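Here's a quick tour of the pockets and the surface of a protein model. Have a look at the structure first, then read on.

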Amino acid sequence: MENTKYFKSVVKGTVGTLIFSFIGVAILSVFMTKLAISKGVFNAIYVIISLCSLSLGSIIGAKRNESRGWLVGFGVALGYYLVLFILTSFFSGELVFKLFDLFKLAIALAVGTLAGMLGINL
(Lines give C-alpha, C1' and ligand atoms only; values in the text may rest on other atoms or scores of the structure.)
Protein backbone atom coordinates (compact mmCIF):
# COMPACT_ATOMS: atom_id res chain seq x y z
CA MET A 1 0.00 0.00 0.00
CA GLU A 2 2.80 2.41 0.87
CA ASN A 3 4.57 1.77 -2.44
CA THR A 4 1.38 2.63 -4.31
CA LYS A 5 1.03 5.90 -2.38
CA TYR A 6 4.68 6.73 -3.07
CA PHE A 7 4.32 6.01 -6.80
CA LYS A 8 1.13 8.09 -7.06
CA SER A 9 2.84 10.96 -5.22
CA VAL A 10 5.83 10.85 -7.57
CA VAL A 11 3.59 10.74 -10.64
CA LYS A 12 1.47 13.63 -9.37
CA GLY A 13 4.59 15.68 -8.60
CA THR A 14 6.16 14.88 -11.99
CA VAL A 15 2.98 15.83 -13.86
CA GLY A 16 2.78 19.05 -11.82
CA THR A 17 6.40 19.82 -12.68
CA LEU A 18 5.75 19.27 -16.38
CA ILE A 19 2.65 21.49 -16.29
CA PHE A 20 4.50 24.30 -14.47
CA SER A 21 7.39 24.01 -16.94
CA PHE A 22 5.05 24.14 -19.92
CA ILE A 23 3.30 27.23 -18.58
CA GLY A 24 6.62 28.94 -17.82
CA VAL A 25 8.06 28.16 -21.25
CA ALA A 26 4.85 29.31 -22.93
CA ILE A 27 5.04 32.65 -21.11
CA LEU A 28 8.73 32.94 -22.02
CA SER A 29 7.84 32.26 -25.67
CA VAL A 30 5.29 35.07 -25.67
CA PHE A 31 7.89 37.46 -24.25
CA MET A 32 10.42 36.33 -26.86
CA THR A 33 8.05 37.32 -29.68
CA LYS A 34 7.88 40.86 -28.26
CA LEU A 35 11.43 41.32 -26.93
CA ALA A 36 14.88 40.54 -28.28
CA ILE A 37 16.39 38.10 -25.79
CA SER A 38 19.92 36.78 -26.24
CA LYS A 39 20.63 33.06 -26.15
CA GLY A 40 22.50 33.35 -22.84
CA VAL A 41 19.63 35.16 -21.14
CA PHE A 42 17.14 32.68 -22.60
CA ASN A 43 19.15 29.73 -21.23
CA ALA A 44 19.37 31.33 -17.78
CA ILE A 45 15.62 31.99 -17.70
CA TYR A 46 14.92 28.45 -18.89
CA VAL A 47 17.05 26.99 -16.08
CA ILE A 48 15.23 29.15 -13.53
CA ILE A 49 11.84 28.03 -14.90
CA SER A 50 12.92 24.38 -14.78
CA LEU A 51 14.26 24.54 -11.22
CA CYS A 52 11.24 26.45 -9.92
CA SER A 53 8.91 23.96 -11.61
CA LEU A 54 10.87 21.06 -10.19
CA SER A 55 10.71 22.57 -6.71
CA LEU A 56 6.96 23.11 -6.89
CA GLY A 57 6.36 19.60 -8.26
CA SER A 58 8.50 18.03 -5.53
CA ILE A 59 6.66 19.99 -2.86
CA ILE A 60 3.29 18.87 -4.28
CA GLY A 61 4.39 15.24 -4.36
CA ALA A 62 5.88 15.33 -0.86
CA LYS A 63 2.78 16.94 0.64
CA ARG A 64 0.63 14.25 -0.98
CA ASN A 65 2.81 11.43 0.36
CA GLU A 66 3.04 12.98 3.87
CA SER A 67 6.32 11.20 4.65
CA ARG A 68 9.80 10.64 3.21
CA GLY A 69 9.72 13.91 1.29
CA TRP A 70 13.35 13.55 0.25
CA LEU A 71 12.57 10.26 -1.50
CA VAL A 72 9.50 11.66 -3.24
CA GLY A 73 11.48 14.72 -4.36
CA PHE A 74 14.23 12.45 -5.66
CA GLY A 75 11.66 10.42 -7.61
CA VAL A 76 9.98 13.51 -9.04
CA ALA A 77 13.35 14.91 -10.15
CA LEU A 78 14.32 11.62 -11.76
CA GLY A 79 10.97 11.32 -13.54
CA TYR A 80 11.07 14.92 -14.73
CA TYR A 81 14.62 14.60 -16.02
CA LEU A 82 13.85 11.32 -17.82
CA VAL A 83 10.82 12.84 -19.57
CA LEU A 84 12.85 15.88 -20.67
CA PHE A 85 15.77 13.71 -21.79
CA ILE A 86 13.51 11.45 -23.85
CA LEU A 87 11.72 14.43 -25.45
CA THR A 88 15.01 16.18 -26.20
CA SER A 89 16.48 13.00 -27.70
CA PHE A 90 13.36 12.45 -29.79
CA PHE A 91 13.33 15.96 -31.23
CA SER A 92 17.09 16.16 -31.77
CA GLY A 93 17.22 12.73 -33.39
CA GLU A 94 20.10 11.43 -31.26
CA LEU A 95 20.18 9.58 -27.97
CA VAL A 96 23.39 10.76 -26.33
CA PHE A 97 24.08 11.11 -22.60
CA LYS A 98 27.04 13.46 -22.14
CA LEU A 99 28.91 14.66 -19.08
CA PHE A 100 26.89 17.88 -19.11
CA ASP A 101 23.69 15.78 -18.95
CA LEU A 102 25.05 14.02 -15.87
CA PHE A 103 25.68 17.42 -14.29
CA LYS A 104 22.11 18.54 -15.07
CA LEU A 105 20.75 15.31 -13.61
CA ALA A 106 22.77 15.78 -10.40
CA ILE A 107 21.48 19.35 -10.00
CA ALA A 108 17.89 18.21 -10.64
CA LEU A 109 18.19 15.40 -8.08
CA ALA A 110 19.66 17.77 -5.48
CA VAL A 111 16.94 20.40 -6.01
CA GLY A 112 14.16 17.80 -6.06
CA THR A 113 15.41 16.12 -2.89
CA LEU A 114 15.73 19.41 -1.00
CA ALA A 115 12.34 20.65 -2.21
CA GLY A 116 10.76 17.34 -1.15
CA MET A 117 12.20 17.78 2.35
CA LEU A 118 10.83 21.31 2.40
CA GLY A 119 7.42 20.11 1.18
CA ILE A 120 6.94 17.84 4.17
CA ASN A 121 7.39 20.78 6.53
CA LEU A 122 5.02 23.21 4.81
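What follows covers two pockets and then a patch on the surface. Keep in mind that this is a predicted model.

Let's start with the largest pocket, which has a volume of about 740 Å³. It is lined by 22 residues, and the closest to its centre are Tyr46, Tyr81, Phe100, Asp101 and Lys104. Helices α2 (39–65), α3 (69–92) and α4 (99–120) each put at least two residues into this lining, with α3 giving the most, at 7 residues.

The second largest pocket holds about 230 Å³ of space. Here 13 residues make up the lining, and Ser21, Phe22, Val25, Tyr46 and Leu84 sit closest to the centre. The elements giving two or more residues to this lining are α1 (2–34), α2 and α3.

Here is how the two linings break down by class:

| Pocket | Volume | Nonpolar | Polar | Charged |
|---|---|---|---|---|
| Largest | about 740 Å³ | 13 residues | 5 residues | 4 residues |
| Second largest | about 230 Å³ | 10 residues | 3 residues | no residues |

Now for the outside. A nonpolar patch on the surface is formed by Phe7, Val11, Val15, Ile19, Phe22, Ile23, Ile27, Phe31 and Leu35, and together they have about 900 Å² of accessible area. Phe22 also turned up above, among the residues closest to the centre of the second largest pocket.

Take Phe31, one of the patch members: buried, partly exposed or exposed? This residue is in helix α1. Phe31 counts as partly exposed because its relative accessibility is 47%, and partly exposed runs between the 20% and 50% cut-offs.

Notes: Residues numbered from 1 in each chain as written. Predicted model: local features only at pLDDT ≥ 70, side-chain atom pairs only at ≥ 80, totals over all residues. Heavy atoms only, no water. 1 Å grid on protein atoms, 1.4 Å probe; cavity = no way out; pocket = protein on both sides within 12 Å on 5 of 7 lines; lining within 4 Å. Points joined across faces, edges and corners; volume = space filled by probe spheres on them. Helix = DSSP H or I, 4+ residues; strand = E, 2+ residues; numbered from the N terminus. Nonpolar A, V, L, I, M, F, W, Y, C, P; charged D, E, K, R; others polar. Patch = residues over 30% accessible without salt bridge, like charges linked within 9 Å, V, L, I, M, F, W, Y side chains within 5 Å. Areas by Shrake-Rupley, 256 points an atom, 1.4 Å probe, with all protein chains shown as cover. Salt bridge = Lys/Arg side-chain N within 4 Å of Asp/Glu carboxyl O. Buried < 20%, exposed > 50% of the residue type's maximum accessible area, 1.4 Å probe, protein only.
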